[in-house]
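Student: Could we go through this protein together? I'd like to know where the labels come from.

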Amino acid sequence: MALRNLTNFNDELFRKKSKEVVKFDERLWNLLDDMRDTLVHVKGYGCAAVHIGILRRAVVVLDKDNVIELINPCITEESTKIEQVLEGSISPGAPVAYVERPSKVTVTAVDRHGKPITVTGEGFLAATFCHEIDHLDGILFTDKAIKN
């Protein structure tokens, strides 16, 4: 597919809510493929569509050798145990900061074909799910950064 340009971390686009995906077609599949290719190219872990300038509720996460695609994701369960996670972003100009995140989350979403899926992540994967899903609602990790 294609590599896409990344939105600068300070761009106001990151403060907007992404729209629900309603069409599961080749255009969506190309978007997901481009997000994955871009993410691999920059050696990142997660990419919300807003990272490449698209306000759609689509997320791609790399977990070891697995590609996890989440369309219209929602966190449905989270542990009460909290961890401090050092987070950054694939977006140019992003700082790094510690954020408190649940140590385990369950996410419901649909796949690229519109079929329901449920995934559970622990540790860094849970934090990545939270981080990317926050992006879909206009929330940045720096909003939740631990202030020392």
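Below, a student asks about the labels and a tutor answers.

Student: Before we start, what kind of model is this?

Tutor: It's a predicted model, where local features need pLDDT of at least 70, side-chain atom pairs count only at pLDDT 80 or more, and totals for chains, interfaces and linings use all residues. Residues are numbered from 1 along each chain as its sequence is written, and side-chain values use heavy atoms, with hydrogens and water left out.

Student: OK. How many helices and strands are there?

Tutor: Two helices and seven strands. Helices (H or I, at least four residues) and strands (E, at least two) are DSSP runs, numbered from the N terminus. Going along the sequence, the pattern reads α-β-β-β-β-β-β-β-α.

Student: And what makes the protein as compact as a globular protein of that length?

Tutor: Its radius of gyration is 14 Å, close to the 15 Å that the globule rule gives for 148 residues, so the label fits. That radius is taken over C-alpha atoms, and the rule is 2.2 Å times the number of residues to the power 0.38. Along the principal axes, the C-alpha trace spans about 45 × 30 × 30 Å.

Student: Why is lysine 64 called exposed?

Tutor: Exposed means over 50% relative accessible area, buried means under 20%, and partly exposed is in between (1.4 Å probe, protein chains only). Lysine 64 has 79%, so it counts as exposed. You'll find lysine 64 in the loop between E2 and E3.

Student: What makes the phi of lysine 64 worth pointing out?

Tutor: Most residues other than glycine have a negative phi. Phi of lysine 64 is near 60°, a positive value in a residue other than glycine. Asparagine 72, in strand E3, also has a positive phi, near 50°.

Student: How much of the protein is buried?

Tutor: Buried residues make up 48% of the 148 residues.

Student: How do you know that arginine 4 and aspartate 34 form a salt bridge?

Tutor: A salt bridge is a side-chain nitrogen of Lys or Arg within 4 Å of a carboxyl oxygen of Asp or Glu. Here the N to O distance is 2.8 Å, so the pair passes the cut-off. The two partners come from distant parts of the chain: arginine 4 is in the segment before helix H1 (26-41) and aspartate 34 is in helix H1, 30 residues apart.

Student: Are those two partners buried or partly exposed?

Tutor: One of each. Arginine 4 has a relative accessible area of 29%, so it is partly exposed, while aspartate 34 has 6%, so it is buried.

Student: How many salt bridges does that rule give?

Tutor: The count comes to ten. Among them is the one between aspartate 37 and arginine 36, whose closest N and O atoms are 3.0 Å apart. Another joins glutamate 69 and arginine 112, at 2.8 Å from N to O. Glutamate 69 lies in strand E3 (residues 66-78) and arginine 112 in the loop between strand E6 (104-110) and strand E7 (116-122), so this pair ties together parts 43 residues apart in sequence. Both glutamate 69 and arginine 112 are buried.

Student: What makes Asp33, Arg36, Asp37, Glu69 and Arg112 one network?

Tutor: They are joined by salt bridges that share partners.

Student: Why is leucine 86 called partly exposed?

Tutor: Its relative accessibility is 44%, so it falls in the partly exposed range. Leucine 86 lies in strand E4 (residues 82-87). With Val96 and Tyr98, Leu86 forms a nonpolar patch on the surface, with about 310 Å² of accessible area together.

Student: What makes a group of residues a patch?

Tutor: Patch members have over 30% relative accessible area and no salt bridge; like charges are joined within 9 Å, and nonpolar side chains (Val, Leu, Ile, Met, Phe, Trp, Tyr) within 5 Å. The areas come from the Shrake-Rupley method with a 1.4 Å probe, and for residues only the protein chains shown count as cover.

Student: Which residues gather in a patch of positive charge?

Tutor: Lys16, Lys19, Lys23, Arg27 and Arg56 do, on the surface. Lys and Arg count as positive and Asp and Glu as negative, while His and the chain ends are not counted. A charge is placed at NZ of Lys, CZ of Arg, CG of Asp or CD of Glu.

Student: How do you know that arginine 56 is accessible enough for a patch?

Tutor: Its relative accessible area is 35%, and the patch rule asks for over 30%, so arginine 56 passes. Arginine 56 is in the loop between strand E1 (46-48) and strand E2 (58-63).
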